[in-house]
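Subject: Structure for you to look over

Dear colleague,

Please find below the structure I promised to pass on, together with its sequence. I would be glad if you could keep it open while you read the notes that come after it.

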Amino acid sequence: MTASSSVTTNELVNALKVYGDQLDTIKLWIMHSNVYFDLVKEQIASNITNDSDFNIRNASPITLGIPVLVSDSPAPRNTSTSPITYYTLGVREGGLTLMQNQPEPIIDLDVIHGKENRVVDLQGEHEYAVRLQGYRYDVANGGVNPDDSTLATGTNWDKVATDAKSLAAAALSSV
């Protein structure tokens, strides 16, 4: 992971450079809207004819042919740092896989009679598995049957890949 004051076009290139001959496996950039618009401003300020014109007309940065998912969710940022640290990910195809472990969710429906209003009790359960390329979930740290926040905790995942090309994503951090 590289860190800078804001993500620039050069840093996107450097993130892809790590993947070398496998750069075409990066299929999506995920970034916070602050990072996204800073990138637009950086490219406009570069004043490269046609590129800057394109950015001004479309408010869209040039991202090396890779689409961008812009999210203001808390996930791509760390608000406990000052200033806030933002994370931009270049996600690989197959880098994160969610697999449903049972063919259909189990759903129970009960109608409760004898109440003033009609009452329906609905309860459901489903099971899925998560695979993060280059990492193994650490049951000793995170426990079995983790919830979403436990899955999102980095210390619950052990890096097992020895080569950066084998990881789920290229990562950049910026403030």
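The notes below go through the pocket, a helix, the salt bridges, a surface patch and a few single residues in turn.

Before anything else, please bear in mind that this is a predicted model, and that the values I quote are computed from it.

I would begin with the largest pocket, which holds about 1400 Å³ of space. Its lining is made up of 37 residues, and those that lie nearest the centre of the pocket are L89, L132, A152, A168 and A169. Several elements give two or more residues to this lining, namely the helices α1 and α5 (148-151) together with the strands β2 (26-31), β5 (85-92), β6 (96-100), β9 (128-132) and β12 (169-174). Of these contributions the largest share is that of β12, which supplies 4 residues.

One of the lining elements, helix α1, spans residues 9-17, and its buried residues are E11, L12, A15 and L16. These four cover an arc of only 140° around the axis, which means that they sit on the same side of α1. The spacing fits a general rule, since an α-helix has 3.6 residues a turn, so residues three or four places apart point the same way. On the face of α1 that is turned away from the buried side you will find the exposed residues N10 and K17.

Strand β2, which also contributes to the pocket lining, contains W29. This tryptophan is buried, with a relative accessible area of 0%. If you want a sense of distances across the model, W29 and P103 are 74 residues apart in sequence, and their C-alpha atoms are 31 Å apart in space. A second pair to look at is E127 and N14, which are 113 residues apart along the chain and whose C-alpha atoms are separated by 38 Å. E127 belongs to the loop between β8 and β9, and with a relative accessible area of 41% it is partly exposed.

Turning to charged side chains, the general point is that those of opposite charge can pair when their charged atoms come close. A search of the whole structure finds 2 salt bridges. In one of them the side chains of D21 and K165 meet, with a distance of 3.0 Å from N to O. D21 is placed in the loop between α1 and β2, whereas K165 is in the loop between β11 (157-159) and β12, so this pair ties together parts of the chain that are 144 residues apart in sequence. D21 counts as exposed at 64% relative accessibility, while K165, at 22%, counts as partly exposed.

The salt bridge between K41 and D38, at 3.5 Å from N to O, is placed within a single helix: both residues lie in α2 (residues 33-45), 3 residues apart, which is about one turn of the helix. Here K41 is exposed, with a relative accessible area of 54%, and D38 is partly exposed, with a value of 27%.

On the surface there is also a nonpolar patch, formed by I107, L109, V111, V120 and L122, which together have about 480 Å² of accessible area. The elements that give two or more residues to this patch are the strands β7 (106-112) and β8 (119-125), and the largest share, 3 residues, comes from β7. I107 is one of the residues of β7, and its relative accessible area of 55% makes it exposed.

Finally, you may wish to look at the backbone of two residues that have a positive phi without being glycine. For L64 the phi angle is near 65°, and this residue lies in the loop between α3 (51-58) and β3 (68-70), where it is partly exposed, with a relative accessible area of 35%. For N145 the positive phi is about 50°, and the residue is placed in the loop between α4 (139-142) and α5. With a relative accessible area of 74%, N145 is exposed.

With best wishes

Methods:
Residues are numbered from 1 along each chain as its sequence is written. This is a predicted model: local features need pLDDT of at least 70, side-chain atom pairs count only at pLDDT 80 or more; totals for chains, interfaces and linings use all residues. Side-chain values use heavy atoms; hydrogens and water are left out. Buried means under 20% relative accessible area, exposed over 50%, partly exposed in between (1.4 Å probe, protein chains only). The arc is that of the directions from the helix axis to the C-beta atoms. Patches are made of residues with over 30% relative accessible area and no salt bridge: like charges are joined within 9 Å, nonpolar side chains (Val, Leu, Ile, Met, Phe, Trp, Tyr) within 5 Å. Accessible areas come from the Shrake-Rupley method with a 1.4 Å probe; for residues, only the protein chains shown count as cover. A salt bridge is a side-chain nitrogen of Lys or Arg within 4 Å of a carboxyl oxygen of Asp or Glu. On a 1 Å grid over the protein atoms alone, a cavity is a set of points where a 1.4 Å probe fits but cannot get out, and a pocket is an open set with protein on both sides within 12 Å along at least five of seven lines; lining residues have an atom within 4 Å of a point. Grid points are joined across faces, edges and corners, and a volume is the space filled by probe spheres set on the points.
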